[in-house]
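Visitor: Could you walk me through this one slowly? I am new to reading structures.
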Amino acid sequence: MKFGKEFMAQMVPEWQAAYMDYNFLKMQLKEIQLFQARGRPEAHLVKQKSTLYRAFSGLIPRQKSQRQPTSLSSPDEESQVIVVNSVAEDGSMGYETRFLMSEEEGGEYELVFFRRLDDEFNKVNKFYRSKVDEVLKEADVLTKQMNALIAFRIKVENPNGWADRSNDINRLSTDVAASWATLSASAPSGARAASRRVFKDFLLDVEPTCGRQPDGSSNGEDDNAIHQNVEEKKPNNFRATRPAPLQVLDRLKINNTLETPRSTIKGFLNVPNRTEPNFNKESLKKVEERLKRALVVFYNKLRLLKSYSFLNTLAFSKIMKKYDKITSRDASKAYLKMVDNSYLGSSDEVNRLMERVEHTFIKHFSNGNRSKGMRILRPKAKREQHRVTFFMGFFVGCTAALVLALILIARARNLLDNPGATQYMETMFPLYSLFGFVVLHMLMYAANIYFWRRYRVNYAFIFGFKQGTELGYREVLLLSFCLATLALASVVSNLDMEMDPKTKDYKALTELIPLALVVLVLIIFIYPFNIIYRSSRFFFLTCLFHCICAPLYKVTLPDFFLADQLTSQLQSFRSLEFYVCYYGWGDYKLRQNTCSTSDVFRAFSFIVVAIPYWCRLFQCLRRLFEEKDAMQGYNALKYFSALVAISVRTAYSLDRGKINWNMMAWIFSIIAAIYGTYWDLVFDWGLLQRQSKNRWLRDKLLLPYKSVYFGAMALNVLLRFAWLQTVLNFQVSFLHKEAMITIFASLEIIRRGIWNFFRLENEHLNNVGAYRAFKSVPLPFNYDEDEDKDD
């Protein structure tokens, strides 16, 4: 792989604009190369031919005499190409390169190259410095949190015995000091120096200091000074060996960031939450978990900063070597020396912070087990497993074979012309169509993941997946085709169109297959053991629960993203309602039911289709209450209009005889479609910007072809209005009504899949614009800063 592609692949997606623009600088070098090839074709040949007439230097290289006087101006200084100076710009230190060969032919191209190179380096250096300043400030905050944790741990685990333990440590230090004095009187100087270093490290409880003289030479005055001042320095020196003082807990409060329905109701009623810490093991465990997570996120940030520094330094090295190769100059040495001496190349704050975080994490959260601690801090990258690809291909083949078998059986038995076909479409088809909707949505999600990865949309970060647990498109395809195989096998086994002539009913076992399949899927979803992607299943169930209890939980992107998906699965909700009615009150052995004529079923038809929109409406109202953002109010109005339109359409579909329902369905459906389409294109996708660089789109685009965006907008408008067929009562003679409903429901799912890609693309670009590569992690403790300043 070429360096340019590898450089792009290793970038932090949200920091992409802050990296060196390697491709742009390569284009500048190509312009220099083209000028040289166009303007000086003969000069290279003349230079190459002139070397044939030089004096032969011999086969054995001659050594220069050491007595020969050297010139004051070295050849490097005479052949110097560039001079790099540090300059102050915008209140920060920058670098400016002066090209000394600008008067040569084509020198203006090289002058432009070095100007662009300086701009890129100053951008990278400034960004790196700002991020290092941020992590240093964050390190100070985490230091206070660790001191509070240690004091909290002392209070919980040994609240009354720490004073006795402190006395034991003081007594131990006195014994060690006496033993050291006895040994130093009879030991050689080197051994005394070594033992003195050990004793100092014991007193200060720090890692052995680096950079000491290895000879161990010292005078006796140092030994006497240490021996005489042991008693004087003991109280101060042992401050480091003691955990954080318990006085810290006096001005400490617990940050209650756990969102529960109870806390939400308290916040709405302005009931103050309890912030005083409870000193028990359960609270200690919660505090440790939160601080542990904060340290892991902080360490990952340090790793990305280290990678950022290394990649950009390597990129400047590569581009300068290309420059030397193209121009036959030797400018890389001087420029790379400046890079090494700059803050980007010489700062070691990140490395030191990483070492301290590793040491702290292993000591306090891994019980001293380094391998365990490093596995948490540096989880292994998720590897593509061959068995996933194999089983995915296997179930794809099974799905294709079952579809072909279904078509052949229908043709061979002439099932479509059978008198029982109408009854089958009204009873069994709605049951099996549920799996079709779910499989289609999963296939669209798999396609979304594929294109998100291809165009470097950091969907795992946006959704907040735990590192290493996010599903790739292969895993989603495996699950979808596995479900499709089970559903199609059930359909093939349940294609009976006529009753048994002896029993005058259908086989009970085959009639219960759809219900058994639904129960199986539900059991797998809630199965507590670690099989079939437990982390992803529980994440989905958690978001689903938050959607159902929408106003009582803080709204996050995964929650409202899932709620938007549910609004495109209205027909699936109707199918679930039909499951309850058909198997609960109907006679499934005779394929008879009274669902369509039941008043209870008709009433629940309104409730079922309203559930996703009510969830999304409450989420918008919650965000409006918390964020005080008027846009959330307009968004809530959009879902309310869609809710009214869906309800009116449902009423019209149940009672088509009244003209009033038809007119209301027309009006509200058109209003909701126009409102939803405008919101999709302008706010969710960020398009239709007249003043952008890409007219009617937006300034930044991930896809290379603008026509894709215009096509997606046109398709979104078309599919938004497709639901008007329920009002138009559009029918095709050779298709059953249930088949028409299924087709248009599938079109809505396809529209949602297209919407998903551009919605997350817009969210990703917003993160890129703010260089937001990490989510904020709530810390367990809150200090009273005023008291800290007084102290």
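Guide: Let us begin with a term: two residues are in contact when heavy atoms of theirs lie within 4.5 Å. Please keep in mind that this is a predicted model.

Visitor: Okay, so which residues does Phe 113 touch?
Guide: Leaving out residues up to four places away in sequence, Phe 113 touches Leu 25, Gln 28, Leu 29, Ile 32, Ile 319, Met 320 and Tyr 323. Phe 113 and Met 320 are also the residues with the most contacts inside the largest nonpolar core, which has 75 residues.

Visitor: Which helix gives the most to this core?
Guide: That is helix H11, spanning residues 281–327, which contributes 18 residues to it. There is also a second, separate core of 32 residues, and Phe 463, Leu 477, Phe 757 and Phe 758 are among its members.

Visitor: Back to Gln 28: is it buried or exposed?
Guide: Gln 28, which sits in helix H2 (residues 22–39), is buried, because its relative accessible area is 9% and buried means under 20%. Beyond its neighbours within four places in sequence, Gln 28 is in contact with Val 112, Phe 113 and Arg 116.

Visitor: New topic: which residues of H28 are buried?
Guide: In H28 the buried ones are Tyr 709, Ala 712, Met 713, Asn 716 and Leu 719. Looking down the axis of H28, these buried residues fall within an arc of 140°, so they line one face of the helix.

Visitor: And what is on the other side of H28?
Guide: There, Ser 707 and Leu 718 are exposed.

Visitor: Why would residues a few places apart point the same way?
Guide: An α-helix has 3.6 residues a turn, so residues three or four places apart point the same way.

Technical notes: Residues are numbered from 1 along each chain as its sequence is written. This is a predicted model: local features need pLDDT of at least 70, side-chain atom pairs count only at pLDDT 80 or more; totals for chains, interfaces and linings use all residues. Side-chain values use heavy atoms; hydrogens and water are left out. Buried means under 20% relative accessible area, exposed over 50%, partly exposed in between (1.4 Å probe, protein chains only). Helices (H or I, at least four residues) and strands (E, at least two) are DSSP runs, numbered from the N terminus. The arc is that of the directions from the helix axis to the C-beta atoms. A nonpolar core is a set of buried Ala, Val, Leu, Ile, Met, Phe, Trp, Tyr and Cys residues joined through side-chain atoms within 4.5 Å.
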